[in-house]
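Let's take a look at one protein chain together, starting with a single side chain and moving on to some rings. Have the picture open while you read.

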Amino acid sequence: MNNRSGQKHDPYAVLRIPDFRLYVSARLCITLAMQIQAVIVGWQIYDITKDPLSLGLIGLAEAIPSIFVSLYAGYVADKIPRKKIILVVISVLLLCSTLLLFFTLDISNILLLYGVLPIYGIIFLSGIARGFMSPAVFSFMPQLVTGKQLYANAITWSSTTWQAASLAGPAIGGLIYGFYGIQAAYATDALLVLLSLLAFSLIGARPLPEDINPQNLKESLRTGIQFVFGNQIILGAISLDMFAVLFGGAVALLPIFASDILLIGPQGLGFLRAAPAVGSVIMAVFMAYRPVTIQAGKKMLWAVAGFGVCIVLFGLSTSFWFSLLLLALSGAFDSISVIIRSTLIHTLTPEYMKGRVSSVNSIFVGSSNEIGAFESGFTAKIMGVVPAVVFGGAMTLFVVGVTAFKADKLRSLDLTPDAELA
């Protein structure tokens, strides 16, 4: 395939870089582990409490510490070699997975004494770790490739890896939990975190990019925030994703759909959790061959609108197979938005600022997954499960309309090689 500039597009270019292959392997393992853990924790807590709000509190327990440390974590990612940060963070996540396994052993009666509070405590600690991990991984990845012309290719395969793990992780977690028990599921989670740690340790170290304008902590954080808020394209893309995820957080309520509405048990929950990733993987692979360039902004807006429609219809569905289809389509639409947004941020952000800009992006988008989970659990408690999901999808559509009206530069965005991004 040729792009507009006449150059041949090679979808496998970055996969020929050995360190990038190790990065993809490590990302695959850690994402599998986190997805398996999310399924187990969600089902375990709902099984103990039978309260939809308790599912929302899982997201809140992770989002609060992640948001609290994000800006400082971005500063650290621009001041300390990113590989070192990643290794420390994954070590903490390994500790969290090991403790969750320990809580389920016969020698531990912690859950009998304190209920689900120890689980929330571990999720809180993992939220701190993930707050530091996000900007470090985000800014480390482009150091593994040579030239901005490979950014879109690298982001697509990185996203495909994440989505593939998100596809397999929930299904694996649900099946292991359903057939072999909670201890086997948590043991699998811990093993995958360990494999990710080993893979990251084999990647060659990269020096920090030279900071052309060294600043103290306060000035450095202010510069990163000003950069994001001063660029309409980046701000519009981040805001669009943030509110779409915030209001479209139906995934947090999937244990209720599996248990009380669709009546499919933990195995079915695994497939529901995996369905969005099915659509995402298919779309990401398609975009590796046919990257979005012409009218990328309009396509991003339409994709997020499609996501909102899928969430509304999912809330109304009582059919397991139709629900699976809708979740898969929502994942496909979301994949378009994620790849375009990530490509923009990597392309427009100087290397020495990527940690700080990523931390702002993490606050907007990354933590909105967890806050969206709390919003879904809270509204489900007040409005009921189905009205809460329908409301969330409708609000996503409203946000798309407002963004399309306000962010004219994003609406007219073009990602062809000769386009100006400003």
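Start with K83, which touches F140, F200, S201, I203, G204 and A205, leaving aside residues up to four places away in sequence; contact here means heavy atoms within 4.5 Å. Before going on, know that this is a predicted model, where local features need pLDDT of at least 70, side-chain atom pairs count only at pLDDT 80 or more, and totals for chains, interfaces and linings use all residues. Residues are numbered from 1 along each chain as its sequence is written, and side-chain values use heavy atoms, with hydrogens and water left out.

You'll find K83 in helix 3 (residues 82-104). Helices are DSSP runs (H or I, at least four residues), numbered from the N terminus. K83 is buried but has no salt bridge. Buried means under 20% relative accessible area, exposed over 50%, and partly exposed in between (1.4 Å probe, protein chains only). A salt bridge needs a side-chain nitrogen of Lys or Arg within 4 Å of a carboxyl oxygen of Asp or Glu. The nearest side chain of opposite charge to K83 is D19, 7.9 Å away; Lys and Arg count as positive, Asp and Glu as negative, while His and the chain ends are not counted.

So what does the side chain of K83 have beside its polar atoms? The backbone oxygen of S201 lies 3.0 Å from one of them, and the backbone oxygen of I203 lies 2.5 Å from a polar atom of that side chain.Now for the rings. How many aromatic pairs are there? The count comes to six, where rings of Phe, Tyr and Trp (its six-membered ring) pair if their centres lie within 6.5 Å; planes under 30 degrees apart count as stacked, over 60 as edge-to-face and the rest as tilted. Here are two of the pairs.

| Pair | Centre to centre | Angle of planes | Type |
|---|---|---|---|
| Y23 and F200 | 6.2 Å | 75° | edge-to-face |
| Y72 and F132 | 6.3 Å | 85° | edge-to-face |

The Y23 and F200 pair links distant parts of the chain, 177 residues apart: Y23 sits in helix 1 (residues 18-49) and F200 in helix 7 (residues 182-202). Both Y23 and F200 are buried, and together with F20 they form one aromatic cluster.

The other pair also links distant parts of the chain, with Y72 in helix 2 (residues 52-77) and F132 in helix 5 (residues 117-140), 60 residues apart. Y72 is partly exposed, at a relative accessible area of 43%.

Finally, a word on confidence. The chain averages a pLDDT of 77, and 77% of the residues score at least 70; pLDDT is the predictor's confidence in each residue, from 0 to 100. Confidence is highest in helix 7, at a mean of 92, and lowest in helix 8 (residues 217-229), at 68.

How values were computed
Helix = DSSP H or I, 4+ residues; strand = E, 2+ residues; numbered from the N terminus. Polar contact = N/O pair within 3.5 Å; in protein donor to acceptor, adjacent residues only side chain to side chain.
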